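Here are a few exercises to work through with the model open beside you. Try each task before reading its solution.

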Amino acid sequence: MSKIQSFFKSKKGQRALIIVGFSIIPLILLLVFTYYPFLEMIKFSFYNMRYAGARKFVGFKNYITLFNKREIAGSLVLSLYYMVGAVIQISIALYLATILSMKVRMGGLFKGLIFFPFLINGIAIGFIFKFFYTRGFVLDTVLSWIGFNMETLPYWLKDQAINNWSLVYSSFWKYLGQNMVLFIGAIMSVDAALYEAAELDGANKFQQFRYIILPSIKTIVTLNIILSITGSLSAFEAPYVITSGNNGTGTFFVVMNKIAHTDQKVGLASAMAVFLLVVILICTLIQKLLFKYIFRNANTDDESLKAKKAREKEAKAKLKAIKAEQKALKAAKGGN
Amino acid sequence: MKFKKVMALSMAAVMAASLAACGSSDTTDTQTTGAETAETTEATEATETTEDSASADGSLQYKDVVLGETGTDITTTIKVLSHRTDMLTDDYNGTSWADYVAAFNEQYPGITVEIEGITDYANDALLRLQGEDWGDIMMIPAVTKADLATYFMSYGTEEDVSALVNYTTNWTYNGEVYGIPTTANAQGIVYNKRVFEEAGVTELPKTPEEFIAALQAVKDYDSSIVPLYTNYAANWTLGAWDAYISGGATGLSSWTNDSLIHGSNPFADPGDGTGAYNVYKILYDAVAAGLTEDDFSTTDWESSKTMINNGEIATMVLGSWAVPQMQGAGENADDIGYMPFPITVDGKQYAAAGPDYNFGINVNSDDTNKLASLIFVKWMTEESGFSYNEGGLPIAADDTNVPDIYQAFTDAGVTYVVDDPAIEGEEDLMNELNSESSLNINNGGNDKVAAIIEDASTQSRTFDEIMEEWNATWTEAQEIVGVTVNE
């Protein structure tokens with residue numbers, strides 16, 4: 001008894017108590033509301049089940065259906081539209097952010113204007129664009145002002161060749177500002193002295209961007225790209241609100257929603273969710289590797305890549321040696 | 001230090017208060033009418049009278065209630081959950097809940113009726129049902145039939161109740177009836193009478209060909225009028241097409257629960273202009289012939305009501321519930337008509353009819369409230385005129401008062417067909433087949449109808465190809481679920 005008491009009174013005990021005390025609540029919340037439902041979902045993906053009624057274990061059948069269903073495969077292809085949109089969006093956001101972080105007249109106003117769409121609720125944006133694209137409404141009228149013939153204009157949402165681009169544009173319009181603001185924030189943190197030094201060395205603006213700004217904000221660029229790719233794979237609001245996912249615009253999430261709620265195939269929908277998770281993990285991994293390759297020179301300063309690698313190897317080897325030593329020590333202590 | 005402690009405490013208090021505020025509901029509004037107090041002595045008396053009127057086995061029955069005689073001395077308060085929030089507002093232009101309750105209290109002054117309106121009824125009602133003290137009467141939401149008895153009181157046997165009430169099959173399980181319909185609708189087509197007249201369509205079309213010809217006549221008369229508005233963009237409106245394929249297109253009350261479930265290739269062309277095939281074919285042909293709106297992808301539900309009222313739209317395929325909305329959307333209420341679906345089976349037209357929401361009585365209420373609820377439900381059915389006022393078909397079996405909007409149905413000698421209840425032991429088959437086939441017949445299967453419009457517009461598939469695919473997925477679903485298929 002007194003041993004326990006003295007443990008809790010000791011510095012070590014107090015520290016353990018505080019650590020446990022502070023982390024137990026968030027940990028429980030995390031486990032109960034994030035990981036437990038997630039594990040349940042993985043379990044569901046092996047069942048043939050509806051919300052109510054009996055469940056039947058079917059093994060990997062849902063995953064097989066997943067690859068055989070034309071609807072689902074088609075919806076994944078649609079993500080490519082959104083990914084292309086995301087690449088363009090990030091490039092333009094980066095471009096605007098670079099310009100706006102230099103001295104620009106009314107820069108604040110432009111930042112505000114470009115950021116503004118992000119503040120609007122996604123559903124509201126859906127309705128805005130529904131009317132924007134309606135035959136003879138906003139877009140058609142504006143285009144007819146600048147000389148387009150109303151008759152020759154395409155049906156923005158009806159024509160299956162362009163309706164996905166129309167939808168991609170609406171999400172581009174929304175998220176451009178957010179990307180840009182994140183970039184501006186990162187660029188602000190770059191030491192201004194670097195620009196001066198670069199200018200003295202005769203670097204032009206593009207070179208400054210390439211060799212100073214881009215390497216300094218690569219974390220934010222990576223983050224934005226990960227978010228955009230994840231967002232492309234899970235595009236939902238625009239196709240759901242504007243076209244209800246019909247007419248060849250059903251993205252993965254819209255199809256998943258239909259399968260889970262209209263068809264009530266909870267098992268298949270769970271399998272889709274797990275599959276999407278795997279796809280996102282793979283995309284993130286590929287993108288990480290790609291960036292490692294692109295920015296391989298960023299932190300090397302003068303030393304060559306080879307030298308850097310050699311040094312890293314050496315460091316690793318050292319670390320290993322130290323660890324091994326510690327292990328041996330511990331073992332020795334245990335023996336005593 | 002002390003200050004910090006006080007701060008922390010008050011912060012905690014504020015946070016707790018804000019959490020509590022989150023819990024309180026603000027979407028519901030309650031209305032109380034009639035006598036407010038129920039004294040304990042009276043309540044006990046009431047319980048005694050309940051026992052008298054209960055039938056031999058101790059359960060209350062719909063048939064045993066005689067309005068004006070049974071339970072006139074009851075004093076209690078019953079609570080009703082309703083989806084009709086509009087009927088709680090003062091500016092409702094029909095008979096409001098307050099009017100009904102007032103009329104009810106003339107006969108039963110002791111029974112206080114509280115009506116609670118729920119905006120998102122279909123979802124919220126299911127949640128409320130899980131907590132047991134939701135009230136005494138609710139509109140039965142989408143529960144599984146097998147669970148009916150755990151939530152709701154039986155009104156009596158199927159035989160007894162269906163002798164007094166129409167359309168009871170929806171909530172009948174194991175021979176017991178758990179729901180009395182509030183009102184019932186028949187399936188037809190909303191149309192603008194004036195436009196039809198001006199376009200020279202004097203006789204209402206009776207076959208798909210005549211209907212397409214009528215649409216063409218409208219287009220020829222004035223190309224700015226949309227002959228058939230699909231309401232494609234609203235999406236949920238497309239599911240309405242499923243309601244016509246059963247009794248209305250075949251004249252068979254057994255179609256949904258037998259011919260569809262057990263039939264081989266139920267979407268094949270029967271060759272005589274009837275059946276599911278020809279219902280959807282009307283849509284395909286109309287779109288292919290350019291008889292629908294120019295850009296279906298940007299249709300707007302709210303403005304379509306005004307457009308049909310003003311004569312800019314000739315027809316819309318929707319249930320009769322839509323008629324009052326179309327009439328109220330402009331100044332030309334008299335122009336809006338409702339006509340039978342243009343399919344004739346052996347020289348006769350049919351219309352599928354079915355109940356709207358049903359009254360269900362809480363099985364966990366005490367006997368006094370159960371009896372009071374039973375009285376209220378019977379009164380709503382037999383004396384309130386509710387169904388007639390709401391433009392529905394009569395619910396009480398001896399009621400022959402059909403609203404004006406069904407005039408065209410009466411003129412055409414339309415027979416109303418009510419779907420038979422599911423074959424015993426097969427109550428869940430339809431759900432399973434819908435789920436496996438993804439067609440979701442009468443269950444929010446809007447996408448398949450949307451696909452018909454898309455394919456007709458782009459001509460990417462012929463109608464026969466679409467129906468073949470449906471037949472194939474249906475057959476596959478029948479195999480997976482293990483349904484016996486009649487050849």
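**Exercise 1. Find how many residues chain A and chain B each bring to their contact, then sort the chain A side by residue class.**

Step 1. Chain A supplies 20 residues and chain B supplies 16, where contact means that C-beta atoms, placed from the backbone, lie within 7 Å.

Step 2. On the chain A side, helix H6 (122–133) and helix H13 (252–262) are the elements that give two or more residues. Helices (H or I, at least four residues) and strands (E, at least two) are DSSP runs, numbered from the N terminus.

Step 3. The chain A side divides into 4 nonpolar, 9 polar and 7 charged residues. Here Ala, Val, Leu, Ile, Met, Phe, Trp, Tyr, Cys and Pro count as nonpolar, Asp, Glu, Lys and Arg as charged, and the others, Gly among them, as polar.

A note on the ground rules: residues are numbered from 1 along each chain as its sequence is written, and chains are lettered from A and ligands numbered from 1 in the order in which they are written. The model is predicted, so local features need pLDDT of at least 70 and side-chain atom pairs count only at pLDDT 80 or more, while totals for chains, interfaces and linings use all residues.

**Exercise 2. Decide which element of chain A has the lowest mean pLDDT.**

Step 1. Start with the whole chain: chain A has a mean pLDDT (the predictor's confidence in each residue, from 0 to 100) of 86, and 93% of its residues reach 70 or more.

Step 2. Among the elements of chain A, helix H15 (residues 305–335) is lowest, with a mean of 69, and helix H2 (residues 11–44) is highest, with 93.

Step 3. Where pLDDT is low, the predicted coordinates should not be read in detail.

**Exercise 3. Work out whether Asn440(B) is buried or exposed, and do likewise for Gln459(B).**

Step 1. Locate them: Asn440(B) is in the loop between helix H17 (429–437) and helix H18 (446–458) of chain B, and Gln459(B) is in the loop between H18 and helix H19 (463–481) of chain B.

Step 2. Check phi. Most residues other than glycine have a negative phi. Asn440(B), not a glycine, has a positive phi of about 50 degrees, and Gln459(B) has a positive phi near 55 degrees.

Step 3. Count neighbours. A residue is buried if 20 or more other C-beta atoms lie within 10 Å of its own, exposed if 12 or fewer, and partly exposed in between, with C-beta atoms placed from the backbone. Asn440(B) has 21, so Asn440(B) is buried; Gln459(B) has 9, so Gln459(B) is exposed.

Key:
Two residues are in contact if their C-beta atoms, placed from the backbone, lie within 7 Å.
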